[in-house]
Amino acid sequence: MKQETIHIKNLCIGYPGKGDVKVVASDICAGINSGELTCLLGANGVGKSTLLRTLSAFQPRLSGEIRIEGKDISSYTDKQLSKVISVVLTEKCDIRNMSAVELIGLGRSPYTGFWGTLSKEDKAVVDHAIELVGISHLAHRMVHTLSDGERQKVMIAKALAQETPVIYLDEPTAFLDFPSKVEMMQLLHLLSRQTDKTIFLSTHDLELALQIADKIWLMDKVNGVTIGTPEDLSLDGSLSCFFARKGIAFDLETGLFRVNNEYTSQVRLIGHGQKYAMVRKALQRNGILANRNVESDVYIETGDLKGDGTFVLHPASGEAITVQTIDELLAEIVKIR
Ligand SMILES: Nc1ncnc2c1ncn2[C@@H]1O[C@H](COP(=O)(O)OP(=O)(O)OP(=O)(O)O)[C@@H](O)[C@H]1O
């Protein structure tokens, strides 16, 4: 069952200076639940890392409350905290002469003695973490030989081996290629479900977060922190407002962002399905507003109608032109414009 693991009230974060205090964000009130993946989104410099550092007690809060499992964060000793929160940072650490399984084993340090020797139980926890993340094939590789995505998974396994109810991750998808970003977010989502952990991460991967996260935190200088499911934030206009920039529009139907094009001409499309959608996309990218409601002498059949996969361009006068690909269609359109 979902429970509020982290409770934040009137939190003010920032940096005390010599004479003045730099306030990065203030009056944050929120809760973070177990069994959920929560994603923190915000522009560069808005304070995501500062918030994560404050929530992990790496830096002091300026004022307000942070409660973890009902207890104020300042009442935890460092050792107690290391059994409650694990933090996965993105910086590429220069780890040499250590295998993945040894690094993951370091996650057990809050539980081991001075020499860090792993007991049979500790080793079983490490093995389970490796299994959960699906990296058995990497266990005996040296860490410095791993790719960014592989190393990131090892760091997540280390956090799992730490057996904390809360895991924070600072931009875990930052250096990954697109399929690896998707895989990483799906993995974290799955882990939140399977292990009932509270997983909270910062990211710039907006579209992915909107598709995968259970809760979104939008952090911005004017409105502070706005929280909700991606769908509630779509419906109440928070997302459109948050990313209201020239050239970007939030599509309420798909719940995703799209780039607004400026159109210099328009053409009627006849058809339906995927080919219709792809022709429309290609034309709009090229500054031509295209859909079935446009009124124009020139029109295009998008292929699905005839079922032979071709595209037929009907100029205002003269013979229809049949082509096989959208690339050819664009070339023909240019000729008659
Ligand atoms: N040690 C520090 N002392 C004073 N100000 C700092 C310090 N570290 C960061 N800042 C400032 O605090 C603000 C928030 O920085 P932070 O790194 O938290 O932003 P961020 O949202 O994580 O940015 P990014 O997306 O670029 O990583 C910025 O204005 C930054 O310049």
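**Notebook: domains, sheet and ligand shell**

I began with the domain assignment of this protein, which gives domain 1 (1-84 + 166-247), domain 2 (93-163) and domain 3 (265-336). I noted that the model is a predicted one. I then looked up how far apart two of these domains lie: the centres of domain 1 and domain 3, taken over C-alpha atoms, are separated by 45 Å.

**Entry on the sheet**

I next followed the strands. I found an open sheet of 4 strands, paired antiparallel, in the order β2-β1-β4-β5. Its edge strands are β2 and β5 (71-72), each of which pairs on one side only. I looked more closely at one edge: β4 (residues 63-68) and β5 run antiparallel and are joined by 2 bridges. There I saw that R67 stands opposite D72 in β5.

I also asked which strands α1 lies across. I recorded β1 (4-16), β2 and β4, with α1 running at about 120° to β1.

**Entry on the ligand**

I then listed the residues around the ligand: Y15, K22, V24, G42, N44, G45, V46, G47, K48, S49 and T50. By class, I noted 3 nonpolar, 6 polar and 2 charged residues in this shell.

Which element gives the most to the shell? I found that α1 does, with 3 residues. Both β2 (21-33) and α1 (48-55) supply at least two residues of the shell. I therefore met β2 twice in this notebook, as an edge strand of the sheet and as a contributor to the ligand shell.

Conventions: Residues numbered from 1 in each chain as written. Predicted model: local features only at pLDDT ≥ 70, side-chain atom pairs only at ≥ 80, totals over all residues. Near = placed C-beta within 6 Å. Nonpolar A, V, L, I, M, F, W, Y, C, P; charged D, E, K, R; others polar. Domains from an automatic or database assignment. Pairing = 2+ DSSP bridges. Contact = placed C-beta atoms within 7 Å. Axes fitted to C-alpha atoms, helices over the stretch in contact; angles between N-to-C directions.
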